[in-house]
Amino acid sequence: MLTRFALASLLMLLPLALSAQLAGTIAAPRLKKLIDETKLKYQVNSNGNVTVTYDVDSLGARTHQVIIYSRTEELGGFEVRTCRLYAAQLDSMPSQQVLFDLMQESYSQKLGAWEIDLSGGKYYVFFDIKLPVKIGAKAFRRILGAYVDTVDAREKQLTNGKDDY
């Protein structure tokens with residue numbers, strides 16, 4: 001009896017799990033269309049998220065990756081997409097001065113902010129940008145390019161010049 005109940009419960013939850021999984025990938029075709037229009041080179045991961053690699057300097061000695069999430073969110077009645085630029089993976093919490101600098105810099109940013117996440121014993125410092133899904137390709141490319149320089153400069157500072165991202 002218990003086995004039938006458990007099986008019936010699982011079968012009832014399966015459509016919900018599948019629809020939740022599909023909901024996360026619905027935006028993939030729109031994202032692909034946008035990225036294709038930017039003419040940027042990219043890779044798509046198994047979650048439907050896109051990684052774009054920018055050359056930071058003209059020699060190609062430094063690059064920076066931007067992760068563009070396929071999943072979208074509603075904000076103030078319109079749909080937005082998160083673009084994430086990692087700056088560092090650290091073994092310990094950044095100093096108070098670095099935290100203050102990140103907060104101060106976030107205050108002056110127009111479309112994004114610095115964030116820190118603790119995961120697996122590591123501190124990840126990244127910059128998140130929220131952009132409207134209905135943004136044009138030219139504006140999308142220009143905005144990401146502008147923030148790449150900002151984040152790469154912070155990566156140099158936090159990693160003693162390493163180019164991890």
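Hi everyone. Let me start at one small spot: Leu118 stands opposite Tyr123, a residue of strand β6. One step along, Asp117 faces Tyr124 of β6. And Ser119 has Lys122 in β6 as its bridge partner. Keep in mind that what you see above is a predicted model.

These pairs belong to two strands, β5 and β6. Strand β5 covers residues 112–119 and pairs with β6 in the antiparallel sense, over eight bridges. The two strands make a hairpin with two residues between them. In that turn sits Gly120, with a positive phi of about 60°.

Let's zoom out. The protein has four helices and six strands. If you walk from the N terminus, the elements come as α-α-β-β-β-β-α-β-β-α. There are 165 residues, and 34% of them count as buried. The protein exposes about 10,600 Å², with carbon and sulfur atoms supplying 58% of that.

How confident is the predictor? The average pLDDT is 81, and 82% of the residues score at least 70. For residues 2–27, though, the pLDDT is below 50, and this stretch has seven contacts in the model beyond near neighbours in sequence. Where pLDDT is low, the predicted coordinates should not be read in detail. So please take some care with residues 2–27, where the pLDDT is below 50.

Now to the sheet. In what order do its six strands sit? The order is β1-β2-β3-β4-β6-β5, in an open sheet with antiparallel pairing. At the edges you find β1, residues 42–44, and β5, each of which pairs on one side only. On average, neighbouring strands of the sheet are turned by 30° against each other, ignoring direction.

Notice that β4 and β6 are neighbours in that order. Strand β4 spans residues 78–90 and β6 spans residues 122–132; they run antiparallel and are joined by ten bridges. As an example, Ala88 has Val125 of β6 as its bridge partner.

Next, the helices that lie on these strands. Helix α3, residues 96–108, lies across β5 and β6 and runs at about 145° to β5. Helix α4, residues 137–159, lies across β2, β3, β4, β5 and β6, running at about 20° to β4. As for contacts between residues at least 6 apart in sequence, 53% join residues that are at least 24 apart.

Let me pick one residue to show you this: Tyr86, in strand β4. Is Tyr86 buried or exposed? Its relative accessibility is 18%, so Tyr86 counts as buried; the cut-off for buried is under 20%. Leaving out residues up to four places away in sequence, Tyr86 touches His64, Ile67, Tyr124, Val125, Phe126, Val151 and Tyr165. You may recognise two names in that list: Tyr124 stands opposite Asp117, and Val125 is the bridge partner of Ala88. Tyr86 and Glu155 are 69 residues apart in sequence, while their C-alpha atoms are 8.0 Å apart in space.

Glu155 brings me to salt bridges. How many are there in the whole structure? The search finds nine, and I'd like to show you three of them.

One is between Asp36 and Lys32, with the closest N and O atoms 2.8 Å apart. Both residues are in helix α2, residues 28–38, and because they are four residues apart, about one helical turn separates them. Asp36 is partly exposed at 33% relative accessibility, and Lys32 is partly exposed too, at 44%.

Another joins Arg62 to Glu155, where the closest N and O atoms are 3.3 Å apart. Arg62 lies in the loop between β2 and β3 and Glu155 lies in helix α4, so this pair ties together parts that are 93 residues apart in sequence. Arg62 is buried, with a relative accessible area of 11%, and Glu155 is buried as well, at 0%.

The third connects Glu73 and Lys130, whose closest N and O atoms are 2.9 Å apart. Here, distant parts of the chain are linked: Glu73 is in strand β3 and Lys130 is in strand β6, 57 residues apart. Glu73 is partly exposed at 33%, and Lys130 is partly exposed at 34%.

Finally, a small network: Arg62, Asp152 and Glu155 are joined by salt bridges that share partners. Thanks for listening!

Conventions:
Residues numbered from 1 in each chain as written. Predicted model: local features only at pLDDT ≥ 70, side-chain atom pairs only at ≥ 80, totals over all residues. Heavy atoms only, no water. Buried < 20%, exposed > 50% of the residue type's maximum accessible area, 1.4 Å probe, protein only. Contact = heavy atoms within 4.5 Å. Areas by Shrake-Rupley, 256 points an atom, 1.4 Å probe, with all protein chains shown as cover. pLDDT = per-residue confidence, 0-100. Pairing = 2+ DSSP bridges. Axes fitted to C-alpha atoms, helices over the stretch in contact; angles between N-to-C directions. Salt bridge = Lys/Arg side-chain N within 4 Å of Asp/Glu carboxyl O.
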